[in-house]
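Please work through the exercises below with the sequence and the structure at hand. Each task is followed by a solution in steps.

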Amino acid sequence: NSFIKNINHSEILPLKNFLRILLEDINDYGTLSDFTLRRISNLSITESKMKESASEINKLRDELGDDYLKKEKSNRKKLKREIIISIENRSI
């Protein structure tokens, strides 16, 4: 969220759309692995680490793809929800 709202560094600007996708996934879908979430949480917003953070975000984008969340959303639409009701009959 800090990268999206507060950072206007030249290396981060082209990545803002992907960062919005990551934020939407984290807030609404939860499809990212713990390892990926840890990588995101280790990003630094300090000026001295900006290139390193941009590089890590680019690696994530290359690994996941720009449209990975669209694929997840379409897969979720195909799933049918089921309700399972169970009754236990015990004699006391």
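The exercises that follow concern a predicted model and treat its core, two buried residues, its salt bridges and its largest pocket.

**Exercise 1. The nonpolar core**

Task: State how many residues the largest nonpolar core has, and identify those with the most contacts inside it.

Solution.
Step 1. The largest nonpolar core has 18 residues.
Step 2. Those with the most contacts inside this core are Phe 3, Ile 12, Phe 18, Leu 19, Leu 22, Ile 57 and Tyr 68. The elements that supply two or more residues to the core are helix H1 (2–5), helix H2 (16–29), helix H4 (50–64) and helix H5 (68–78).

**Exercise 2. Leu 22 in its surroundings**

Task: Determine whether Leu 22 is buried or exposed, and list what Leu 22 touches beyond four places in sequence.

Solution.
Step 1. Leu 22 belongs to helix H2.
Step 2. The relative accessibility of Leu 22 is 4%. Buried means under 20%, so Leu 22 counts as buried.
Step 3. Once residues up to four places away in sequence are set aside, Leu 22 touches Leu 32, Ile 40, Leu 64 and Tyr 68.
Step 4. A C-alpha to C-alpha distance can be added: Leu 22 and Leu 60 are 38 residues apart in sequence and 9.8 Å apart in space.

**Exercise 3. Met 50 and Asp 25**

Task: For Met 50 and for Asp 25, decide between buried and exposed, then give the contacts of Met 50 and of Asp 25 outside four places in sequence.

Solution.
Step 1. Met 50 is located in helix H4, and its relative accessibility of 1% places Met 50 among buried residues.
Step 2. Apart from neighbours within four places in sequence, Met 50 is in contact with Phe 3, Ile 7, His 9, Ile 12 and Ile 45.
Step 3. Between Met 50 and Glu 11, which are 39 residues apart along the chain, the C-alpha separation is 7.7 Å.
Step 4. Asp 25 is part of helix H2, and with 0% relative accessibility Asp 25 counts as buried.
Step 5. Not counting residues up to four places away in sequence, Asp 25 touches Gly 30, Thr 31, Leu 32, Tyr 68 and Leu 69.

**Exercise 4. Salt bridges**

Task: Give the number of salt bridges in the structure. Then explain which parts are tied together by the pair Lys 73 and Glu 24 and by the pair Arg 39 and Glu 63.

Solution.
Step 1. The principle comes first: side chains of opposite charge can pair when their charged atoms come close.
Step 2. There are six salt bridges in the structure.
Step 3. Lys 73 and Glu 24 form one of them, at 2.8 Å from N to O. Because Lys 73 lies in helix H5 and Glu 24 in helix H2, the pair ties together parts that are 49 residues apart in sequence. Lys 73 is partly exposed, at 28% relative accessible area, and Glu 24 is partly exposed, at 28%.
Step 4. Arg 39 forms a salt bridge with Glu 63, with 2.8 Å between the closest N and O atoms. Since Arg 39 lies in helix H3 (residues 34–41) and Glu 63 in helix H4, this pair ties together parts that are 24 residues apart in sequence.
Step 5. The accessibility of each partner can now be set out. Arg 39 counts as buried, at 13%, whereas Glu 63 counts as exposed, at 55%.
Step 6. The side chains of Arg 61 and Asp 66 also meet in a salt bridge, at 3.7 Å from N to O. Arg 61 is partly exposed, with 24% relative accessible area, and Asp 66 is partly exposed, with 47%.
Step 7. Arg 39, Glu 56 and Glu 63 are joined into one network by salt bridges that share partners.

**Exercise 5. The largest pocket**

Task: Describe how much space lies in the largest pocket, which element gives the most to its lining, and how the lining divides by class.

Solution.
Step 1. The largest pocket holds about 230 Å³ of space.
Step 2. The residues that line this pocket are Asn 1, Ser 2, Phe 3, Ile 4, Leu 19, Leu 22, Leu 23, Ile 26, Ile 40, Ser 41, Leu 43 and Ile 45. The elements that give two or more residues to the lining are H1, H2 and H3.
Step 3. H2 gives the most, with four residues.
Step 4. By class, the lining has nine nonpolar, three polar and no charged residues.

Notes. Residues are numbered from 1 along each chain as its sequence is written. This is a predicted model: local features need pLDDT of at least 70, side-chain atom pairs count only at pLDDT 80 or more; totals for chains, interfaces and linings use all residues. Side-chain values use heavy atoms; hydrogens and water are left out. A nonpolar core is a set of buried Ala, Val, Leu, Ile, Met, Phe, Trp, Tyr and Cys residues joined through side-chain atoms within 4.5 Å. Buried means under 20% relative accessible area, exposed over 50%, partly exposed in between (1.4 Å probe, protein chains only). Contact means heavy atoms within 4.5 Å. A salt bridge is a side-chain nitrogen of Lys or Arg within 4 Å of a carboxyl oxygen of Asp or Glu. On a 1 Å grid over the protein atoms alone, a cavity is a set of points where a 1.4 Å probe fits but cannot get out, and a pocket is an open set with protein on both sides within 12 Å along at least five of seven lines; lining residues have an atom within 4 Å of a point. Grid points are joined across faces, edges and corners, and a volume is the space filled by probe spheres set on the points. Ala, Val, Leu, Ile, Met, Phe, Trp, Tyr, Cys and Pro count as nonpolar, Asp, Glu, Lys and Arg as charged, and the others, Gly among them, as polar.
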